[in-house]
Amino acid sequence: MQLLQFTENPPLALYVHLPWCVEKCPYCDFNSHGLKGGTLPEGDYIDALLRDVERELPLIWGRSIETIFLGGGTPSLFSPEALDRLFSGLRALLDLRFCREVTLEVNPGTDMATRLSEYRGIGINRVSIGVQSFSDDSLKRLGRIHDHRAALRTIEAAHDAGLDSFNIDLMFGLPEQSAEQAEQDLRQALSLEPPHLSWYQLTLEPNTPFAAHPPVLPEDETMEAMVDAGLGQLAQAGLQQYEVSAFARTGHQCQHNVNYWQFGDYLGIGAGAHGKITLAGESRIERRVRTRHPAAYLRQAGTDDAIEANNVPTNELPFEFMLNALRLTGGFDVPLFTQRTGLPIKVISDTLHRLERDELITWTMTHIQPTKRGARYLNDVISRFLPD
Ligand SMILES: C[S@@+](CC[C@H](N)C(=O)[O-])C[C@H]1O[C@@H](n2cnc3c(N)ncnc32)[C@H](O)[C@@H]1O
Ligand code: SF4
């Protein structure tokens, strides 16, 4: 068994999961729960999150947090006052002196007109807006709680609040969507000049209402036409692709997500949140998952019952690293593999040689990058790193 050798710990990020939504969308398999008219246990949940983070302190002693991401769910259901209390608590517990990006996911259905500037006032400097489509027909088919006007208002509010880094989430390949409609959605999004855009193909996830009763999705040929046209539109608008689904103007890449893709460390707090922590001194990397259901999490947060911890097996590390790093269009510098996995590059050199020969990656003295063909067949490329 190879011993992991780390020269230093990777950068550390904080993910906070806020698991409630107004209603559950039928395509969504995230750990999110419709409120169904019930009350949001805002104060209790903030208390639970602070207990949760306190419990983690011995693992991250002396390390500072570089980015924070509040995801969900619909984090914008939480009031600026509640999140301000969360941040005060986090500031008392964690070293946030070097924290440069704090993102909040917002849903246009949670009336953002005045709230965005309040969020900005408490230190949130980036929002990710779940628009999905500008077509009211598509939004209805997706079971969204907002129309396109609410999306436009939210984007305008982001500009007005001076949030100079924000993201629009848009999906394509929607039920009964034509290539022209997908193009129109993207045209509308780009006309609003987002510094960042995440562009996802709708997938039918197991155990969702869409999987049980599949809607009519575009044919493969239509889907390909959407991708070809969309990539052209995005490039023309000056948004560079830097990951499979992420496009940004220079300087506006999501630093929090880049840390995931570079196999950095992250503390994950909140119901069902995942974390990954390198314990360099103990030559191991630990994955930590929280109790998934919000009611149980509220009870257990801050105790061992809320946490399931496992070491990442050494023979799975190359696959885990590549699963993330090869998503980056620009690839990664060779030393990053050893810095983040604690393994020498020679443990994967045979696989790298084969991928290079098949023109799926380029591999120089210093850099590894998927080729265009490699990016197209990314799942096959990554699967070559699976342990025997
Ligand atoms: C965790 S969701 C949070 C965003 C926010 N709750 C909302 O929906 O407005 C992040 C993004 O993942 C994308 N997404 C969710 N389910 C998806 C699916 N089945 N297929 C493709 N993209 C999906 C959506 O674009 C969504 O905005
Ligand atoms: S609002 Fe977002 S997180 Fe909530 S159910 Fe819909 S897609 Fe999922």
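Visitor: What makes the side chain of D169 and ligand 1 partners in a polar contact?

Guide: An oxygen atom of ligand 1 sits 2.6 Å from an N or O atom in the D169 side chain. A polar contact is a pair of N or O atoms within 3.5 Å, so this pair counts as one. By the way, this is a predicted model, where local features need pLDDT of at least 70, side-chain atom pairs count only at pLDDT 80 or more, and totals for chains, interfaces and linings use all residues, while side-chain values use heavy atoms, leaving out hydrogens and water. Residues are numbered from 1 along each chain as its sequence is written, with chains lettered from A and ligands numbered from 1 in the order in which they are written.

Visitor: Which backbone atoms come within reach of a nitrogen atom of ligand 1?

Guide: A backbone N or O atom of G73 lies 2.7 Å from a ligand nitrogen, and one of T203 lies 3.0 Å from a ligand nitrogen. Protein covers 90% of the 560 Å² of accessible area that ligand 1 has on its own (Shrake-Rupley method, 1.4 Å probe).

Visitor: How many residues surround ligand 1?

Guide: There are 17, with G73, Q132, R144, D169 and T203 the closest. To be near, a residue needs a heavy atom within 4 Å of the ligand.

Visitor: Why does Q233 count as buried or exposed?

Guide: Q233 has 15% relative accessibility. Buried means under 20% relative accessible area, exposed over 50%, and partly exposed in between (1.4 Å probe, protein chains only), so Q233 counts as buried.

Definitions and conventions:
Polar contact = N/O pair within 3.5 Å; in protein donor to acceptor, adjacent residues only side chain to side chain.
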